[in-house]
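Please open the model in your viewer and keep the sequence panel beside it, since each stop on this tour asks you to select a few residues and look at what surrounds them.

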Amino acid sequence: MSITIDALGDEIKKILDNYGTSIQEGTKKAVAKVAQETRKDIQDRASHLFHSHSSNPYAKSWKASKTYEDANGVVYTLHSSKYQIAHLLEKGHKVVVNGKVYGKTAPKPHIAPAEASAEERLEQAIKELVR
């Protein structure tokens, strides 16, 4: 069996196009999976911030939403409907009563560790996909 140079080039192009498409689809699935895992991770970390673990409305308020998708990629946004408290818990805040500052609450990081973990998980998933 013989093949011309032009036909060989066309076959290689087809193979690379299929590979690129499978990597894109696999990456989109990996991003979706990591987004949901990160939402769960934040919920788990946030559930321990208050005394009532089971009925913590802040922890339950976290959602992962697909905010953008095209042929080349997808973007998920993790957000809480109780966004006002997220920064205060993550960074700490002053305790003010009647205009007088009584101190500062300790930061309770729960978003940043989940974000760092998500970056590592996504990087690992993409490395495995490319192999």
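Begin with the lining of the largest pocket, which by class consists of 10 nonpolar, one polar and two charged residues. Bear in mind throughout that this is a predicted model. The pocket itself has a volume of about 350 Å³. To centre the view on it, select T38, Y76, L78, E115 and A118, which are the closest to the pocket's centre among the 13 residues that line it. Then colour by element: helix α1 (5-47), strand β2 (73-80) and helix α4 (112-130) are the elements that give two or more residues to this lining. Of these, α1 gives the most, with five residues.

Stay at the pocket and select T38 alone, which lies in helix α1. Is T38 buried or exposed? With a relative accessible area of 6%, T38 is buried, because anything under 20% counts as such. To get a sense of scale along the chain, draw a distance from the C-alpha atom of T38 to that of K13: the two are separated by 37 Å, with their positions 25 residues apart in sequence.

Now move to K13 and add D17 to the selection. Their side chains meet in a salt bridge, with 3.0 Å from N to O. Both residues belong to helix α1, and because they are four residues apart there, about one helical turn separates them. D17, at 42% relative accessibility, counts as partly exposed.

Next, select K33 and E37, a pair that also lies in helix α1, four residues apart and thus about one turn of the helix. Here too the side chains meet in a salt bridge, at 3.9 Å from N to O. The two partners fall into separate accessibility classes: K33 counts as exposed at 55% relative accessibility, whereas E37 counts as partly exposed at 30%. While E37 is selected, draw a second C-alpha distance, this time to V130, which is 93 residues away along the chain; the separation is 21 Å.

Which parts of the chain does the pair of E69 and K28 tie together? Select both residues, and you will find a salt bridge whose closest N and O atoms are 3.6 Å apart. E69 lies in strand β1 (residues 62-70) and K28 in helix α1, so the contact ties together parts that are 41 residues apart in sequence. E69 counts as partly exposed, at 41% relative accessibility. Add K66 to the selection as well, since salt bridges that share partners join K28, K66 and E69 into one network. If you would like to continue in this vein, a search of the whole structure finds nine salt bridges, of which the pairs K13 with D17, K33 with E37 and E69 with K28 have been among the stops so far.

Go next to S47, which lies in helix α1, and show the backbone atoms around it. The side chain of S47 reaches the backbone oxygen of D44 at 2.7 Å. S47 counts as buried, with a relative accessibility of 15%.

For the last stop, select residues 94-97 and 100-104, which are strands β3 and β4; they run antiparallel and are joined by four bridges. One place to check the register is K94, whose bridge partner in β4 is K104. The hairpin that these strands form has two residues between them, and within it N98 takes a positive phi near 50 degrees.

Select N98 itself, whose place is in the loop between β3 and β4. What is notable about its backbone is that the positive phi occurs in a residue other than glycine. As background for that point, most residues other than glycine have a negative phi. N98 is exposed, with a relative accessible area of 80%, because the exposed class takes in values over 50%. To close the tour, you might show N98 and T38 together: the former is exposed at 80%, while the latter is buried at 6%.

Notes:
Residues are numbered from 1 along each chain as its sequence is written. This is a predicted model: local features need pLDDT of at least 70, side-chain atom pairs count only at pLDDT 80 or more; totals for chains, interfaces and linings use all residues. Side-chain values use heavy atoms; hydrogens and water are left out. Two strands pair if DSSP finds at least two bridges between them. On a 1 Å grid over the protein atoms alone, a cavity is a set of points where a 1.4 Å probe fits but cannot get out, and a pocket is an open set with protein on both sides within 12 Å along at least five of seven lines; lining residues have an atom within 4 Å of a point. Grid points are joined across faces, edges and corners, and a volume is the space filled by probe spheres set on the points. Ala, Val, Leu, Ile, Met, Phe, Trp, Tyr, Cys and Pro count as nonpolar, Asp, Glu, Lys and Arg as charged, and the others, Gly among them, as polar. A salt bridge is a side-chain nitrogen of Lys or Arg within 4 Å of a carboxyl oxygen of Asp or Glu. Buried means under 20% relative accessible area, exposed over 50%, partly exposed in between (1.4 Å probe, protein chains only). A polar contact is a pair of N or O atoms within 3.5 Å; within protein, one must be able to donate a hydrogen and the other to accept it, and residues adjacent in sequence count only if both atoms are side-chain atoms.
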